[in-house]
Amino acid sequence: MGTAVVLAVLILAAGFAVRSICKERKKGKSSCGGDCSHCRGCK
């Protein structure tokens with residue numbers, strides 16, 4: 001029973017984290033600073 005409770009808490013926490021990230025992206029906030037000259041992700 002304890003394992004199920006811990007699993008439920010972890011699922012809720014992950015859900016809230018994903019929800020928060022999605023809300024931030026919709027508002028235009030992200031980890032990207034917009035300075036592509038210093039970005040190594042595009043190279």
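**Note on a one-helix chain**

1. Start with charge. On the surface, Arg 19, Lys 23, Lys 26 and Lys 27 gather in a patch of positive charge. Keep in mind that this is a predicted model.

2. Take one member of that patch, Lys 26. Helix α1 holds Lys 26. Its relative accessibility is 75%, so Lys 26 counts as exposed. The cut-off for exposed is over 50%.

3. Now the overall fold. The chain has one helix and zero strands. That helix, α1, covers residues 2-26.

4. How much of the chain is buried? Buried residues make up 0% of the 43 residues. A residue counts as buried under 20% relative accessible area.

5. Next, the surface as a whole. The chain exposes about 4200 Å². Carbon and sulfur atoms supply 65% of that area.

6. There is also a nonpolar patch on the surface, formed by Met 1, Val 5 and Val 9. Together these residues have about 350 Å² of accessible area.

7. Look at Met 1 in that nonpolar patch. Where is Met 1 found? Met 1 lies in the segment before α1. Its relative accessible area is 83%, so Met 1 is exposed.

8. To recap, the surface carries a patch of positive charge that includes Lys 26. The surface also carries a nonpolar patch that includes Met 1. Lys 26 is exposed, and Met 1 is exposed too.

Key. Residues numbered from 1 in each chain as written. Predicted model: local features only at pLDDT ≥ 70, side-chain atom pairs only at ≥ 80, totals over all residues. Heavy atoms only, no water. Patch = residues over 30% accessible without salt bridge, like charges linked within 9 Å, V, L, I, M, F, W, Y side chains within 5 Å. Areas by Shrake-Rupley, 256 points an atom, 1.4 Å probe, with all protein chains shown as cover. Salt bridge = Lys/Arg side-chain N within 4 Å of Asp/Glu carboxyl O. Helix = DSSP H or I, 4+ residues; strand = E, 2+ residues; numbered from the N terminus. Buried < 20%, exposed > 50% of the residue type's maximum accessible area, 1.4 Å probe, protein only. Lys, Arg positive; Asp, Glu negative; His and termini not counted. Charge placed at Lys NZ, Arg CZ, Asp CG, Glu CD.
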